[in-house]
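Here are a few exercises to work through with the structure open beside you. Try each task before reading its solution.

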Amino acid sequence: MPNIWDAEIVVSEALAKELIGEQFPRIAPVAARKMGEGFDNTIYEINESLIFRFPRREIAVELLCIEGKLLPAIGDSLSLPIPIPMFYGKPSMKYPWPFIGYAKVEGDVPRNLKREDHAKSGSLLGGFLKELHAFPIEKAIELDTPYDQLDRVNIRKRKERLMDHYKRIVDKGLWEEHEVLLQYLNELQPVGPGGKQVLCHGDLHINNILVGNDRRVSGIIDWGDVHIGHPAVDLSIAYSYLPKESREAFFEEYGSVEKEDKLLARFKAVYTSAVLLIYGEDVKDQGLMEAAKKSLAYSLE
């Protein structure tokens, strides 16, 4: 059975250099280093100062185009750096889809952090999401930002899928503490998401956060799932990244959040962390697997 992250086209380092050099000659000579790949894009660092993302699946093309329109409009209103598009690549005979180059955001994805390192960023993340969620929806609509089409915090729709993820985690022996996840699933009840609508990053988790040398969050990347949706989609980061003792600082900075919305945010955190653990095992990324297990543990505290 295919995975949702299976690629249709993978741009090699040689092809990335060729495409960039042909379409943006002022960047040449092109020095490329593969940074990684996610569900939707293959990512290269170019000349140590730029990041280029090439869609791996056709479904990601529209997402990249939306991101290319929106990010320049919101960057100045946010307190944490985000990747601002600078180069818009066009489809060609060599590669059928558009691609984008961004100014590089400094930092590294969080790996091997201590609990107290995670706790440092409670206020930072809360303030960032307060700013993001305050962006006028009307402006986001004008920039072709879509509404949530995936029911990301619909517990009734996604609980069965989460149970399937749990079974896969157990069958493959991916997490020794899996019983706490089963207990959560057994006690989980649907919560109505209500009608709240804000501009959401849409995929805020351990692989889309950067941290600096001080172990604080230094940037937010990969905006391919940006949409207008329920704030709990993003508030999930308070559970998947922050240990419980730093959540008070997060919500003090963000503002008042209803109990039901916190339940939805926790569900999203658990769901995404489980998917990342399975994905990490599939692509043989031990660092991601360890980070995802930590996210699951935090989410279930």
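**Exercise 1. Place Ile51 and judge its exposure.**
Find the element that holds Ile51, and decide whether Ile51 is buried or exposed.

Solution. Start with the element: Ile51 belongs to strand 3. Keep in mind that this is a predicted model. Next, take the relative accessibility of Ile51, which is 14%. The cut-off for buried is under 20%, so Ile51 counts as buried. Finally, compare positions: Ile51 and Ala249 are separated by 198 residues in sequence, and their C-alpha atoms lie 32 Å apart.

**Exercise 2. Classify an aromatic pair in the strands.**
What kind of pair do the rings of Phe54 and Phe99 make?

Solution. The count for the model is 17 aromatic pairs. For Phe54 and Phe99, the ring centres are 4.8 Å apart and the planes meet at 25°. Centres within 6.5 Å make a pair, and planes under 30 degrees apart count as stacked, so this pair is stacked. Now look at where the partners sit: Phe54 is in strand 3 (residues 50-55) and Phe99 is in strand 5 (residues 99-103), so the pair links distant parts of the chain, 45 residues apart. As for exposure, Phe54 is buried at 0% relative accessibility, and Phe99 is buried too, with a relative accessible area of 1%.

**Exercise 3. Extend the picture to the cluster.**
Which geometry do Tyr95 and Trp97 adopt, and which residues form one aromatic cluster?

Solution. The centres of Tyr95 and Trp97 are 5.9 Å apart with 75° between the planes, an edge-to-face pair. Both Tyr95 and Trp97 are buried. The cluster consists of Phe24, Tyr44, Phe52, Phe54, Phe87, Tyr95, Trp97 and Phe99.

**Exercise 4. Find charges over rings.**
Which ring does the charged end of Arg158 sit over, and which does that of Lys262 sit over?

Solution. Take Arg158: its charged end sits over the ring of Tyr271, 4.9 Å from the ring centre. Then take Lys262: its charged end is placed over the ring of Phe251, 4.4 Å from the centre.

**Exercise 5. Describe the cavity.**
How many cavities of 30 Å³ or more are there, and which helix gives the most to the lining of the largest cavity?

Solution. Rolling a probe the size of a water molecule over the atoms shows where empty space is left. The count is one cavity of 30 Å³ or more, and the largest cavity holds about 60 Å³ of space. Its lining includes Leu204, His205, Ser236, Lys268 and Ser295. Sorted by type, the lining has four nonpolar residues, six polar and one charged. Helix 11 (residues 259-282) gives the most, with five residues.

**Exercise 6. Check the backbone.**
Where do Glu48 and Lys284 lie, and what joins Ala28 and Pro29?

Solution. As a baseline, most residues other than glycine have a negative phi, and most peptide bonds are trans. Glu48 has a positive phi of about 65°; Glu48 is in the loop between strand 2 (41-46) and strand 3, and is exposed, with a relative accessible area of 65%. Lys284 has a positive phi of about 60°; Lys284 is in the loop between helix 11 and helix 12 (286-299), and is exposed at 74% relative accessibility. A cis peptide bond joins Ala28 and Pro29, with omega about -5°. Pro29 lies in the loop between helix 1 (13-23) and strand 1 (32-37).

Technical notes
Residues numbered from 1 in each chain as written. Predicted model: local features only at pLDDT ≥ 70, side-chain atom pairs only at ≥ 80, totals over all residues. Heavy atoms only, no water. Phe/Tyr/Trp six-rings, centres within 6.5 Å; stacked < 30°, edge-to-face > 60°. Helix = DSSP H or I, 4+ residues; strand = E, 2+ residues; numbered from the N terminus. Buried < 20%, exposed > 50% of the residue type's maximum accessible area, 1.4 Å probe, protein only. Lys NZ or Arg CZ within 6 Å of the ring centre and 35° of its normal. 1 Å grid on protein atoms, 1.4 Å probe; cavity = no way out; pocket = protein on both sides within 12 Å on 5 of 7 lines; lining within 4 Å. Points joined across faces, edges and corners; volume = space filled by probe spheres on them. Nonpolar A, V, L, I, M, F, W, Y, C, P; charged D, E, K, R; others polar.
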